[in-house]
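Hi,

Here is the structure I said I would pass on. Have a look at it first, and my notes on what turned up follow underneath.

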Amino acid sequence: MATCRSRGVERGGAPHVLAVDDSSVDRAVISGILRSSQFRVTAVDSGKRALELLGSEPNVSMIITDYWMPEMTGYELLKKVKESSRLKEIPVVIMSSENVSTRINRCLEEGAEDFLLKPVQPSDVSRLCSRVLR
Amino acid sequence: MAAAALTSQLNALVNNMFAMGLLDDQFQQLQMLQDSTAPDFVSEVVTLFCDDGERIICELSRQLEKPNVDFDRVDSYVHQLKGSSASVGAQKVKNTCIQFREFCQQRSRDGCLKTLDLVRTEFYDLRNKFQAMLQLEQQIQACYPKH
């Protein structure tokens, strides 16, 4: 895990977080929160685009994804990341506006680092920052 | 008008939006994220919300005009509007979206149409106030010379 926690942090640079959300408003809000916590952020609108980016960008410290997206859900993206020998060490955090325990448990069992209820608060990100990327 | 008078007008407008229940604490969280590194953060998010909300409301009207309403599809659009409303702190619109989703689950076209009218009124009321807010912010910025 030590490797995973330092993953994506360039020497003297900010950790790089990939934010995935099909809602433009939510993408802007989560990007703003992450930037205010000194992360470098790339935001994309689908799981497909996230996988494309992960294919070309080796320095991603964490993925934070919405659960409910068309075509590929956050859960499906999580599964693809955890099935990949190259990507599986990247912590994946799932966000959802609905507090559905079966959904939360399913994601955590699949290896999600955390499950955040939307709207995500700066305090949620601070907590993640100290736990996932320390 | 002097910057101080415009600022006081802006504060009164935003306070009134809170007092009327149009906004909740989430909007304050957005305001706190605006700083010198992200000076236009609130206006960017609010503009995205206004554009997105208008698109969703048009789509909802279209969906509910169809002879066979696909309530799951309608529900998915309302879910989107509820999510973006929650993210900007648009409390009233968000709460009406919660009622709207109940009518989707009941497969009630009449309920959905009535709630669409309500959400449309609330959304455009909020949008007008947001536009007035952004205009005042621009006027305030124009009072200060750029370095």
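Glu52(A) is partly exposed, with a relative accessible area of 48%. Keep in mind as you read on that this is a predicted model. The partner of Glu52(A) is Lys48(A): their side chains meet in a salt bridge, 3.9 Å from N to O. Lys48(A) counts as exposed, at 52% relative accessible area. Why are the two about one helical turn apart? Because they sit four residues from each other in helix 3 (residues 47-56) of chain A.

That pair is one entry in a longer list, since the whole structure has 17 salt bridges over all chains. Here are some others to click on.

Glu98(A) pairs with Arg101(B), and their closest N and O atoms are 3.0 Å apart. This one crosses between chains: Glu98(A) is in the loop between strand 4 (92-96) and helix 5 (101-109) of chain A, while Arg101(B) belongs to helix 5 (residues 91-105) of chain B. Are the two partners buried or exposed? Glu98(A) is partly exposed, with 22% relative accessible area. Arg101(B) has 12%, and the cut-off for buried is under 20%, so Arg101(B) counts as buried.

Within chain B, Asp117(B) makes a salt bridge with Arg120(B), again with the closest N and O atoms 3.0 Å apart. Both lie in helix 6 (residues 109-143) of chain B, three residues apart, which is about one turn of the helix. Asp117(B) is partly exposed at 44% relative accessibility, and Arg120(B) is partly exposed too, at 27%. Back in chain A, Asp21(A), Asp26(A), Asp66(A) and Lys118(A) are joined into one network by salt bridges that share partners. Hold on to those names, as some of them come back below.

Now for the empty space. The largest pocket has a volume of about 370 Å³. It is lined by 24 residues, and the closest to its centre are Asp22(A), Trp68(A), Pro70(A), His79(B) and Gln80(B). Which helices each supply at least two residues of that lining? They are helix 2 (24-36) of chain A, plus helix 3 (41-65) and helix 4 (71-88) of chain B. Helix 4 of chain B gives the largest share, six residues. Sorted by class, the lining has ten charged, nine polar and five nonpolar residues.

The second largest pocket holds about 290 Å³ of space. Its lining has 13 residues, and Gly32(A), Arg35(A), Thr37(B), Ala38(B) and Phe41(B) lie nearest the centre. Helix 2 of chain A and helix 3 of chain B each supply at least two of the lining residues. This time the largest share, five residues, comes from helix 2 of chain A. By class, the lining divides into four nonpolar, five polar and four charged residues.

There is also one cavity of 30 Å³ or more in the whole structure, with about 70 Å³ of space in it. From chain A, its lining takes in Asp21(A), Asp26(A), Val29(A), Ile30(A), Ile33(A), Met95(A), Lys118(A), Pro119(A) and Val120(A), and from chain B, Ser87(B). Asp21(A), Asp26(A) and Lys118(A) are also in the salt-bridge network, so you can look at both features in one view. Helix 2 of chain A provides the largest share of this lining, four residues. The classes here are six nonpolar, three charged and one polar.

Last, the nonpolar cores. The largest has 61 residues, and those touching the most other members are Ile64(A), Phe100(B), Phe130(B) and Met133(B). What does Met133(B) touch, leaving aside its neighbours within four places in sequence? Its contacts are Leu10(B), Leu13(B), Val14(B), Phe27(B), Val42(B) and Val46(B). A separate core of 23 residues lies apart from the largest one, and includes Val20(A), Val44(A), Ile63(A) and Tyr67(A).

That's the tour. Shout if you want to go through any of it together.

Cheers

How values were computed. Residues numbered from 1 in each chain as written. Chains lettered and ligands numbered in written order. Predicted model: local features only at pLDDT ≥ 70, side-chain atom pairs only at ≥ 80, totals over all residues. Heavy atoms only, no water. Salt bridge = Lys/Arg side-chain N within 4 Å of Asp/Glu carboxyl O. Buried < 20%, exposed > 50% of the residue type's maximum accessible area, 1.4 Å probe, protein only. 1 Å grid on protein atoms, 1.4 Å probe; cavity = no way out; pocket = protein on both sides within 12 Å on 5 of 7 lines; lining within 4 Å. Points joined across faces, edges and corners; volume = space filled by probe spheres on them. Nonpolar A, V, L, I, M, F, W, Y, C, P; charged D, E, K, R; others polar. Core = buried A, V, L, I, M, F, W, Y, C linked by side-chain atoms within 4.5 Å. Contact = heavy atoms within 4.5 Å.
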